[in-house]
Each structure stands twice: as C-alpha cells, then as structure tokens.
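Work through the exercises below with the structure in view. Try each task before reading its solution.

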Amino acid sequence: MKEIGYPVNVPKDEYNQSLYAASATQDDVAIIISYQGRRKILHHVADTLHAQDIKTILITSVHDHEIKNKVKYCLYLASNENHSNKISSFLLGFHSCTS
C-alpha cells in the first residue's frame, strides 16, 4: 500500500490494536487477519469497528466463527492450514489502511 501512496499502520500489540480500532474513521479501511477467529482481542477489535461502521475486510478460512458476522467483506483462505506454515506465523492481528 505504501508503494501506491497509502499510509499503512500495523499495530503489533493488543493495546495499540484496540486503540487504532477505536480511533478509526469513515475514511479508513481495516483488515483483520485470523484463520479461525480464536484470539479474543480480534473479537473486541471487530466489535469496535462494527459499532463505528468502519469498512472492514476479514482474511480468514471458511471455518465458521463470530468475527465473520462483524465485517463487511471476507477473503477466504484454504480450509486446511499447515500448522508449521500457518498464516498467523507470518502476520497476526488488525491492520488499518488509512486513505
């Protein structure tokens, strides 16, 4: 996103993930990456974004979980995750792309 001129914020700890979600505006797009929606913080982040009607994209598996009901768009990954090379090993959490 930075290469095409959009600032990207990637909060790594739970406090900052919650803070970025709470401070998101209608001009923002949030991306949540979670394979099965197990992390409690991501439920809190999704609730916060949903309450503010922030455009949110969830990158996830086809497994059913609550976060899917709180976002506007889902991008699905394959259902069979290799646990040694899972997505959460590379990137986990909430990502805000500010336009």
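## Exercise 1: Valine 45 and the core

Task: decide whether valine 45 is buried or exposed.

Solution. Start with the number: valine 45 has 0% relative accessibility, so it counts as buried. Buried means under 20% relative accessible area, exposed over 50%, and partly exposed in between, with a 1.4 Å probe and protein chains only. Next, place the residue: valine 45 sits in helix α2. Helices (H or I, at least four residues) and strands (E, at least two) are DSSP runs, numbered from the N terminus.

Now look around it. Isoleucine 32 is 13 residues from valine 45 in sequence, and the two are 8.7 Å apart in space, C-alpha to C-alpha. Both appear among the residues with the most contacts inside the largest nonpolar core, along with Leu42, Leu49, Leu58 and Ile67. That core has 13 residues. Strand β2 (28–33) and helix α2 are the elements that give two or more residues to this core. The largest share, five residues, comes from α2. A nonpolar core here is a set of buried Ala, Val, Leu, Ile, Met, Phe, Trp, Tyr and Cys residues joined through side-chain atoms within 4.5 Å.

A note on the model: it is predicted, local features need pLDDT of at least 70, side-chain atom pairs count only at pLDDT 80 or more, and totals for chains, interfaces and linings use all residues. Residues are numbered from 1 along each chain as its sequence is written, and side-chain values use heavy atoms, leaving out hydrogens and water.

## Exercise 2: Two helices

Task: find how the axes of α1 and α2 cross.

Solution. First, locate the helices: α1 covers residues 14–22 and α2 covers residues 40–51. Their axes come within 8 Å and cross at roughly 10 degrees. Axes are lines fitted to C-alpha atoms, for helices over the stretch in contact, and angles run from 0 to 180 degrees between N-to-C directions. Therefore α1 and α2 are roughly parallel to each other. The cut-offs are under 35 degrees for roughly parallel, over 145 for roughly antiparallel, 65 to 115 for roughly perpendicular, and oblique for the rest.

Then list the contact. From α1 come Glu14, Gln17, Ser18, Ala21 and Ala22; from α2 come Ile41, Leu42, His44, Val45, Thr48 and Leu49. Contact means heavy atoms within 4.5 Å.

Finally, zoom in on serine 18, in helix α1. At 18% relative accessibility, serine 18 counts as buried. Leaving aside neighbours within four places in sequence, serine 18 touches Ile41, His44 and Val45.

## Exercise 3: Tyrosine 76 and aspartate 53

Task: which residues does tyrosine 76 contact, leaving aside its neighbours within four places in sequence?

Solution. Tyrosine 76 lies in strand β4 (residues 73–76). Its contacts beyond those neighbours are Thr60, Ser61, Val62 and Lys68. Serine 61 is 15 residues away in sequence, yet 5.1 Å away in space, C-alpha to C-alpha. At 48% relative accessibility, tyrosine 76 counts as partly exposed.

Turn to aspartate 53, in the loop between α2 and β3 (55–60). Aspartate 53 is not a glycine, but has a positive phi of about 55 degrees. At 43% relative accessibility, this residue counts as partly exposed.

## Exercise 4: The whole chain

Task: how many helices and strands are there in the protein chain?

Solution. Count three helices and five strands. In sequence order the pattern is β-α-β-α-β-β-α-β. Of the 99 residues, 35% count as buried.
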